[in-house]
Amino acid sequence: MMENNDKIVLAGDIVTEPMEMMKTNKKVILGPGLRIDSDTVRASKCGQLKMKPPNTFWVDAYQRRYVPNRGELVIGVVVAKAGDIFRLDIGSCETASLSYMAFEGATKKNRPDVNVGDIVYARLLIAHPDVEPELVCVDSHGKKGKLGVLHEGFLLCCSLNLVRKILNPKCTFLSQLAKELAFEMAAGMNGRIWIRGKTVKQTIAVGNAILALEYLPNEQIRELCNDIGAYVSGFSKWWGSRVKQPVLALHGWQDNAGSFDRLCPLLPADIPILAIDLPGHGKSSHYPKGMHYFIFWDGITLIRRIVKYYGWTKITLLGHSLGGALSFMYAASFPDEVDRFISIDIAGPTVRDHDKTAASTGDCIDKFLHYETLPESKMPCYGYEEMIDLVLAAYDGSVDYDSVEVLMRRGMALAPAHFHKEGYHFARDLRLKVALLGMFSMDQVLAYAERIKCKVLNIRADPGMKFDNPEVYKNVMAVLTRTASKVVYHEIPGSHHLHLVTPDRVATQIKTTSIDINNMKRK
């Protein structure tokens, strides 16, 4: 166990702690930053004095110059090739040599493919003040393991202290970051770290996280990893492991992924959940001018794009309101590819009164064109409290003040400078207000319900949302009971946004139901 010592030493200072131990004839090991002259131990550089029981001392400093030590793993850059020898820059006072025979399976006829500029992960075979450093890319058994040329990726330079901090068994950084992102990393004791993520954006994010770690206390590591995960996700929020297939969570109309902020932390921690902002909502981009939002039909295509992009199989969907309807439609459109879906306060797509739809179509189109051509100078902006009050009034009792604040973290944005206004504006696309064209008939909804085979958990709020045709809910559930492999139905006291206002009630039903998501098997 390493013992922290608040003592700061400067170059030339006499260090008494190891000297006192030496007086008792105990063996003392002096590490980097300490030198012994006769019986006097002095610091050779400035930094914090460290001790590892029972007898090891060293000075921890934020230095970048590397002094080669035999047996250490380092990362070097090939700077020259002379005959059978490669010259590598490892950050020391002179370059290190690497023979082409120091690779696994190398012979005179089978030479390794190494070129100037390549990044090589190697082990120091010889490190002596009077001899140039020599590297090898094999272990004692002649096997390369993970040594050799590192392809693609990104190389960053840092202090030697940061590498030791990352590799310290007590540091949770790598394990925490691995839950957020999938990436490869090689750390050299010479203050060089090679990383490669799935995308350039992920690679840069991991690199920034590593550099930010240097002066970060251990208790803030988890927050840093969460921030990096959120940055990479962009239009989404992710709870749990990022290397397992997640539950895909879909929010309601004019809401955003933040509507799951209170529910998801209450669900089993080992089940990852990805909540996305639907197009035009939250932090997602808006449709180009001229494109109309057909939210139900567009949503099916969106889910399909995500599933095919990640290569998911037998997916699980979690949806509230519009998101629940999209889960229903996707399960009906691809009945063999959905394992289960959970709908909150909706059974299927909303069925609107045809007479009302016909009477309002012209007005909806005019409003759509008005919002589309609205100049930025007329874009409404509000103060923070005014914005919260507006949303509270618009949701008509479905949410409370605290819930609105959660939603508005992604639902509003500071007015940009070119607006020439102060305050906040709604982040969602104003055209979403008239995005309810292309609705369904009762016969269409029931026809889709006939195709659903997966398991279904339906949570109905009481009183919940008021529908134009309340009988649709009962009719859809009746069909699902007959066609789906298993259906569980619960009524829970609460408003339409009960998963946001009273998330504990919803989480309890999800965790305790016979098809609870805690029983899912991940491939």
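**Close-up views of helix packing, salt bridges and single residues**

**Figure 1. Helices α9 and α10 are roughly perpendicular to each other (65 to 115 degrees; under 35 is roughly parallel, over 145 roughly antiparallel, the rest oblique).** The structure is a predicted model, in which local features need pLDDT of at least 70 and side-chain atom pairs count only at pLDDT 80 or more, whereas totals for chains, interfaces and linings use all residues. Residues are numbered from 1 along each chain as its sequence is written, and side-chain values use heavy atoms, without hydrogens and water. Helix α9 comprises residues 384–394 and packs against α10 at an angle of about 110°, the two axes being 10 Å apart (axes are lines fitted to C-alpha atoms, for helices over the stretch in contact; angles run from 0 to 180 degrees between N-to-C directions). Helix α10 spans residues 401–411 (helices are DSSP runs of H or I with at least four residues, strands runs of E with at least two, numbered from the N terminus). On the α9 side, the contact (heavy atoms within 4.5 Å) is made by Tyr 384, Glu 385, Met 387, Ile 388, Val 391 and Leu 392. On the α10 side, Tyr 401, Val 404, Glu 405 and Met 408 take part.

**Figure 2. The buried residues of α10 are covered by several elements, α9 among them.** Ser 403, Val 404, Val 406, Leu 407, Met 408, Arg 410 and Gly 411 are the buried residues of this helix (buried is under 20% relative accessible area, exposed over 50%, partly exposed in between; 1.4 Å probe, protein chains only). Val 404 and Met 408 of α10 also belong to the contact with α9. The cover over the buried residues of α10 further includes strand β16 (236–239), strand β21 (412–414), strand β22 (424–426) and helix α13 (498–501).

**Figure 3. A salt bridge joins Asp 261 to Arg 409 of helix α10.** The N-to-O distance between the two side chains is 3.8 Å (a salt bridge is a side-chain nitrogen of Lys or Arg within 4 Å of a carboxyl oxygen of Asp or Glu). Distant parts of the chain are linked by this pair, 148 residues apart: Asp 261 lies in the loop between β17 (247–250) and β18 (273–276), and Arg 409 lies in α10. Asp 261 is buried, at 16% relative accessibility, whereas Arg 409 is exposed, with a relative accessible area of 58%. Elsewhere, Glu 152, Glu 184 and Arg 196 are joined into one network by salt bridges that share partners.

**Figure 4. Asp 89 and Arg 192 form a salt bridge between two strands.** The closest N and O atoms of the pair are 3.2 Å apart. Asp 89 belongs to strand β8 (residues 85–89) and Arg 192 to strand β15 (residues 192–197), so the salt bridge ties together parts of the chain 103 residues apart in sequence. Asp 89 is partly exposed, with a relative accessible area of 29%, while Arg 192 is buried, with a value of 10%. In the whole structure, a search finds 19 salt bridges.

**Figure 5. Glu 104 and Lys 143 pair in a salt bridge between two loops.** Their side chains meet at 4.0 Å, N to O. Glu 104 is in the loop between β9 (96–99) and β10 (119–128), and Lys 143 is in the loop between β11 (131–136) and β12 (148–150); the partners are 39 residues apart. Glu 104 is partly exposed, with a relative accessible area of 37%, and Lys 143 is likewise partly exposed, at 48%.

**Figure 6. Helices α6 and α7 cross roughly perpendicular to each other.** Helix α6 covers residues 295–310 and helix α7 residues 322–333. Their axes come within 9 Å and cross at roughly 65°. The α6 side of the contact is formed by Ile 295, Phe 296, Trp 297, Gly 299, Ile 300, Ile 303, Arg 304 and Val 307. The α7 side is formed by Leu 322, Ala 325, Leu 326, Met 329, Tyr 330 and Ser 333.

**Figure 7. Ala 178 in helix α3 contacts Phe 183 and Val 243.** Residues up to four places away in sequence are not counted among these contacts. Helix α3 runs over residues 173–180, and Ala 178 is partly exposed there, with a relative accessible area of 33%. Ala 178 and Val 243 are separated by 65 residues in sequence, with their C-alpha atoms 7.8 Å apart in space.

**Figure 8. Ser 99 in strand β9 contacts Asp 84 and Ile 85.** Neighbours of Ser 99 within four places in sequence are left aside. Ser 99 is partly exposed, with a relative accessible area of 22%. Between Ser 99 and Gly 324, which are 225 residues apart in sequence, the C-alpha to C-alpha distance is 62 Å.
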